[in-house]
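User: Could you take a close look at one part of this structure, the metal site, and explain how it sits within the rest of the chain?

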Amino acid sequence: MPAASSSDVPAAYCGHCGDPLDARDHAGCDRRLQLEPPRYCPVCRRRMVVQVTPDAWTARCVEHGERSASTWSGTGS
Ligand SMILES: [Zn+2]
Ligand SMILES: [Zn+2]
């Protein structure tokens, strides 16, 4: 087993519905997560504090910090 870094914890929960990733198929959730920010921390399942701006979102877990991504950018210029 490799030593786990606290900043690189594998996701265990679905960021969209909060259910464990191995509990069921989350393909639909994955599609939603490409369009909207996650609601749950994928590591600890806490509700994330989400801030949305016109072209990006930031989701913050009190335990695991921020995740952010540009979204709605599509393939346009
Ligand atoms: Zn899900
Ligand atoms: Zn967390």
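Analyst: Accessible areas here come from the Shrake-Rupley method with a 1.4 Å probe. In this predicted model, the accessible surface of the protein chain comes to about 5,600 Å², of which 48% belongs to carbon and sulfur atoms.

Turning to the metal site, the zinc ion (ligand 1) has as its protein donors Cys-14 (SG), Cys-17 (SG), His-26 (ND1) and Cys-29 (SG), which lie 2.1 to 2.4 Å from the ion. Along the sequence, these donor residues follow the spacing C-x2-C-x8-H-x2-C. The four donor atoms subtend angles of 105 to 116 degrees around the zinc ion, and the arrangement is therefore tetrahedral. For comparison, the ideal angle for four tetrahedral donors is 109.5 degrees.

Two of the donors can be described by their accessibility as well: Cys-14 counts as buried because its relative accessibility is 1%, whereas Cys-17, at 23%, counts as partly exposed, since buried means under 20%.

As for the surroundings, the protein chain has one helix and three strands, arranged along the sequence in the pattern α-β-β-β, and buried residues account for 25% of its 77 residues. The largest nonpolar core is made up of six residues, namely Cys-41, Val-43, Met-48, Trp-57, Ala-59 and Cys-61. Leaving aside residues up to four places away in sequence, one of these core members, Cys-41, touches Tyr-13, Arg-46, Met-48, Cys-61 and His-64. Finally, among contacts in the protein chain between residues at least 6 apart in sequence, 22% join residues at least 24 apart.

Definitions and conventions. Residues are numbered from 1 along each chain as its sequence is written. Chains are lettered from A and ligands numbered from 1 in the order in which they are written. This is a predicted model: local features need pLDDT of at least 70, side-chain atom pairs count only at pLDDT 80 or more; totals for chains, interfaces and linings use all residues. Side-chain values use heavy atoms; hydrogens and water are left out. Donors are N, O and S atoms within 2.8 Å of the metal (3.2 Å for Na, K and Ca); water is not among the atoms, so sites may look incomplete. Four donors count as tetrahedral if all angles lie between 85 and 135 degrees; four count as square planar and six as octahedral if opposite donors are over 155 degrees apart and all others between 65 and 115; anything else is irregular. Buried means under 20% relative accessible area, exposed over 50%, partly exposed in between (1.4 Å probe, protein chains only). A nonpolar core is a set of buried Ala, Val, Leu, Ile, Met, Phe, Trp, Tyr and Cys residues joined through side-chain atoms within 4.5 Å. Contact means heavy atoms within 4.5 Å. Helices (H or I, at least four residues) and strands (E, at least two) are DSSP runs, numbered from the N terminus.
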